[in-house]
Amino acid sequence: VPGAQNVWIAKGDDSPPVRLGDGVAHGLSPDGAWVLASQQGKLLALPTAAGAPRPMSEGFFEAIRWASWFRDGRRVLVWGQTKGGKTGIFVVDPEGPEPRRIAPEGYELVAGGNALSPDGLLVVARSPENQIVLCPVDGGQPRPVPGLAGLFVPVQWSEDGKAFYVFRMGEIPARVEKIDVESGRATLWKELAPPDLAGM
């Protein structure tokens, strides 16, 4: 089918990859039993072994830009567009009601699959004003991180969940800084650059 997308899984040994189904893959569940995938706005879990696909959300999203598992392996964080045309960041619980919005319309998920804090309580996002904010998963208003706006790009959380790493778009060498989420205090972690800067 022209334009069709497929989900495959490979074990990393000499065995051939196995096709799991149609759609766009977004991530492996914490227990490795499921692959999160989207198909034209539908969100589902494809089993990595024998079994049938498990619907996660149907009829709510028009398009899904990004999705990732919570560590509980049950809920899913989604950045997408609803059937009504409104974009947003949502928590999907297949055992609960319809997806729940956790940020106002127009807020964008950043750091991809690393946007969710290690304890699953906060999500890093970008406001329409280009400010980096923390969105509480359980409800509440997004909280701006002091000093982070413009071209800063969050990469991932620290292991203790008290900071995350960022770099500034266009800087060479790239200065990766560790940002304290409470104070906004930045500490240089590492500078990254190619061996030869000629032509950069």
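The legends below describe several close-up views of one predicted model.

In this predicted model, local features are described where pLDDT is at least 70 and side-chain atom pairs count only at pLDDT 80 or more, whereas totals for chains, interfaces and linings use all residues. Residues are numbered from 1 along each chain as its sequence is written, and side-chain values use heavy atoms, with hydrogens and water left out.

**View 1. The whole chain has 18 strands and 0 helices.**
Strands (E, at least two residues) and helices (H or I, at least four residues) are DSSP runs, and they are numbered from the N terminus. The C-alpha trace of the chain spans about 50 × 45 × 35 Å along its principal axes. Of the 200 residues in the chain, 39% are buried, where buried means under 20% relative accessible area, exposed means over 50%, and partly exposed lies in between, with a 1.4 Å probe and protein chains only. The accessible surface comes to about 11,100 Å², and 52% of this area belongs to carbon and sulfur atoms; the areas come from the Shrake-Rupley method with a 1.4 Å probe, and for residues only the protein chains shown count as cover.

**View 2. Strands 7, 8, 9 and 10 form an open sheet.**
The order of this sheet of 4 strands is 7-8-9-10, with antiparallel pairing, and two strands are said to pair if DSSP finds at least two bridges between them. Strand 7 (61-69) and strand 10 stand at the edges with a single partner strand each, so one side of each is left without a neighbour in the sheet. Strand 8 (residues 76-82) is joined to strand 9 by 6 bridges, while strand 9 and strand 10 (residues 100-101) pair over 2 bridges.

**View 3. Strand 9 (residues 87-92) is largely enclosed by the rest of the structure, because 6 of its 6 residues are buried.**
In a regular strand the side chains alternate between the two faces of the sheet. On one side of strand 9 the buried residues are Thr-87, Ile-89 and Val-91, and on the other side they are Gly-88, Phe-90 and Val-92, so that both faces are covered. Towards strand 8, the bridge partner of Gln-81 is Thr-87 and that of Trp-79 is Ile-89, whereas in strand 10 Arg-101 stands opposite Phe-90. The hairpin of strand 8 and strand 9 has 4 residues between the strands, and in this hairpin Gly-85 takes a positive phi near 90°.

**View 4. Ser-68 is a buried residue in strand 7.**
The relative accessible area of Ser-68 is 7%. If its neighbours within four places in sequence are left aside, Ser-68 is in contact with Leu-36, Val-76, Leu-77 and Gly-113, where contact means heavy atoms within 4.5 Å.

**View 5. Strands 15, 16, 17 and 18 form an open sheet of 4 strands.**
The order is 15-16-17-18, with antiparallel pairing, and the edge strands, strand 15 (152-157) and strand 18 (186-192), each pair on one side only. Neighbouring strands of this sheet are turned by 30° against each other on average, direction ignored; the axes are lines fitted to C-alpha atoms, for helices over the stretch in contact, and angles run from 0 to 180 degrees between N-to-C directions. Strand 16 (residues 163-168) and strand 17 (residues 174-180) are joined by 4 bridges, and Val-166 stands opposite Glu-177 in strand 17. In the loop between strand 16 and strand 17 lies Pro-173, which is joined to Ile-172 by a cis peptide bond with omega about 0°.

**View 6. Gln-40 and Asn-130 each take a positive phi.**
Most residues other than glycine have a negative phi, and most peptide bonds are trans. Gln-40, with phi near 50°, has its place in the loop between strand 4 (34-39) and strand 5 (42-47), and at 82% relative accessibility this residue counts as exposed. Asn-130, with phi near 70°, is found in the loop between strand 12 and strand 13 (131-136), and with a relative accessible area of 30% Asn-130 is partly exposed.

**View 7. Asp-119 is exposed in the loop between strand 11 (108-109) and strand 12 (122-126).**
The relative accessible area of Asp-119 is 52%. Asp-119 and Glu-159 are 40 residues apart in sequence, and their C-alpha atoms are 9.7 Å apart in space.
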